[in-house]
Every structure is written in C-alpha cells, then in structure tokens.
Amino acid sequence: MSKEGKLNKITVPQLQRLKEQGEKISVLTAYDLLFATLEDQAGVDCILVGDSVGMVFAGYENTLPVTLDEMIYHTRAVRRGVKRALLVTDMPFLTFQISPRETLRNAGRIMQEGGAEAVKIEGAYCETVELLTKAGIPVMGHLGLTPQSIHQFGGYSLRGKSDSERQQIIQAARDLETAGCFSLVLEKIPADLATEISAMLKIPTIGIGAGVGCDGQVLVNYDMLGLFEDFKPRFVRHYAQLAEEIRQAVAAYVQDIKLGNFPGEKESF
Ligand code: KIV
C-alpha cells in the first residue's frame with residue numbers, strides 16, 4: 001500500500017523499474033488460492049504459477065506430465081488471491097515448443113481463461129517470444145537448468161560450468177532480451193555467470209540457485225516454508241518448519257477426538 005492507502009499493483013513495467021531503481025525483486029511460486037493470498041498480503045512482488053506444481057502438488061517425478069488445462073486451473077485459483085503481485089504462469093512441456101502460432105493460442109488461453117498477466121517459457125525460443133510480445137503477451141524467459149529438459153541434461157546438476165555452455169547461456173540471454181522478454185529466470189548456474197548476465201541485461205534477472213548477483217530471487221513456496229523437510233538443496237533456505245507444525249496440529253486433533261476432548265461444550269450446539 002502507498003501512503004494514500006492505494007494498492008501499488010506490480011505491473012510488468014513496474015517490475016522492470018525495480019531493477020532500474022536498484023531494488024531487489026521477490027518472486028515465489030503459488031498453486032492455490034490460500035497460499036497466493038498469504039504471499040500477496042506479505043508483499044511478494046511476483047507470484048509464479050510454476051509447472052513445479054506437477055512435482056510439489058501432484059507428486060509427479062518431474063514437470064513433464066503437467067498439462068495446459070492443469071496450469072489454467074491452478075492459475076484461476078491463484079488469480080482469486082492475488083491483488084498486488086504480478087501474476088506469471090509457466091507454459092508447460094510441449095505447449096510452446098511445437099510452433100510460435102500454437103504457442104500464441106496456448107499462451108492466450110493462460111491469460112484469458114487463467115487470468116495470468118504474463119507467461120514463462122523455458123529455453124531460447126526467440127521467434128516465439130517475438131510473436132507473443134507483439135500480441136501483447138509479456139514473456140519471462142528461463143535459462144540454465146530448465147527442468148523440462150531434464151532427460152536431455154540427465155539430471156538436475158549445475159549448468160554453465162564449461163566455457164562453451166557459459167557462452168551459450170550468455171548468447172541466449174542476449175537473444176531473449178532482444179526478442180522482447182521482460183525478465184529472465186536463471187536457474188542453477190554459477191553465481192559469477194549470473195552476475196555477469198545481470199549486469200549485461202537491461203531486463204531483470206530472477207535467480208534460483210544462481211547467487212545474490214541476480215536482480216531478484218525465486219523459490220518454490222513449499223520448499224522455503226519447510227513443507228518438504230527432507231528436501232534441502234543448497235539453494236533453498238527454510239523460513240519456517242510447517243511440516244512439523246502441521247503434523248503436531250493434526251496429531252493433537254486426532255488425540256482430542258480419541259480422548260473425547262473434541263468437540264467441547266463451546267464447540268457444540
Ligand atoms: O516451475 C517453477 O516453479 C519454476 C521456478 C522454480 C523458477 O520454474
């Protein structure tokens with residue numbers, strides 16, 4: 001909220017201004033109304049309906065099985081909770097790789113039916129980015145460890161280690177900016193490479209496992225809330241231990257029922 005009590009809605013140009021002003025950008029995933037509402041109220045700048053939904057919400061082994069309809073469904077739920085943050089939705093596997101025209105139709109559905117304000121695309125699909133941008137659909141790029149290419153990479157290890165892959169990522173970042181991306185996610189690449197790209201580009205970079213030199217940071221909400229307590233890769237920080245809190249609350253509820261302590265008189269009619 002501003003001093004006059006107005007909502008400082010984060011738009012695409014507003015997000016880009018944060019970089020110009022030297023203010024770091026906070027991004028967090030959400031997949032449902034409740035978490036989206038809480039994250040928005042807490043002041044996150046951008047909420048990403050990530051295709052990570054397939055892993056952390058649905059329990060798939062990777063993000064490949066996620067469909068366009070599933071992304072639209074989750075975006076609709078998140079949309080209802082987001083008032084201030086910029087709402088970006090991931091384009092899932094095979095919804096943007098086939099042709100630019102098909103991508104335009106699919107991205108249009110995410111905006112029209114889901115209510116997203118921008119889409120995110122993994123990889124250097126520059127012709128597609130140009131077409132979407134021309135049609136008024138803002139695109140967030142995504143380079144480095146792009147999880148939809150997991151089988152090609154053979155795992156979730158650090159990208160951009162070799163000199164040639166480093167140069168490839170730098171060139172792709174340049175090309176995506178020229179094509180019209182309004183920002184760029186850099187996932188799991190060396191911190192010095194992410195810093196170099198962030199200094200080179202005008203558009204904001206959003207890092208995950210890419211060091212503090214990025215213009216902003218993104219994490220999967222369930223990861224940073226400690227909901228998957230055994231999942232603690234180096235780039236994740238647990239800001240809460242919700243898994244343990246939930247277990248304790250549910251165990252207390254179960255015990256109260258078994259002992260006949262719930263409901264009490266005040267909870268009865
Ligand atoms: O799917 C996702 O959640 C993502 C972010 C972690 C960048 O792509």
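**A note on the ligand site and the two domains**

1. Welcome to this structure, which is a predicted model: local features need pLDDT of at least 70, side-chain atom pairs count only at pLDDT 80 or more, and totals for chains, interfaces and linings use all residues. Residues are numbered from 1 along each chain as its sequence is written, and side-chain values use heavy atoms, with hydrogens and water left out.

2. A good place to start is the largest pocket, where the ligand sits. A pocket here is an open set of points on a 1 Å grid over the protein atoms alone, where a 1.4 Å probe fits, with protein on both sides within 12 Å along at least five of seven lines; sitting in it takes more than half of the ligand's atoms within 2 Å of its grid points.

3. Around the ligand you will find T29, L48, G50, D51, S52, D90, K120, H142, I208, V218 and V220, each with a heavy atom within 4 Å of it. This shell divides into four nonpolar, four polar (Gly counts here) and three charged residues.

4. Now look at the side chains of S52, K120 and D90. An N or O atom lies 2.5 Å from a ligand oxygen in S52, 2.9 Å in K120 and 3.1 Å in D90.

5. Finally, the chain is divided into domain 1 (12-238) and domain 2 (242-269), by an automatic or database assignment. Their centres, taken over C-alpha atoms, are 39 Å apart.

How values were computed
A polar contact is a pair of N or O atoms within 3.5 Å; within protein, one must be able to donate a hydrogen and the other to accept it, and residues adjacent in sequence count only if both atoms are side-chain atoms. On a 1 Å grid over the protein atoms alone, a cavity is a set of points where a 1.4 Å probe fits but cannot get out, and a pocket is an open set with protein on both sides within 12 Å along at least five of seven lines; lining residues have an atom within 4 Å of a point.
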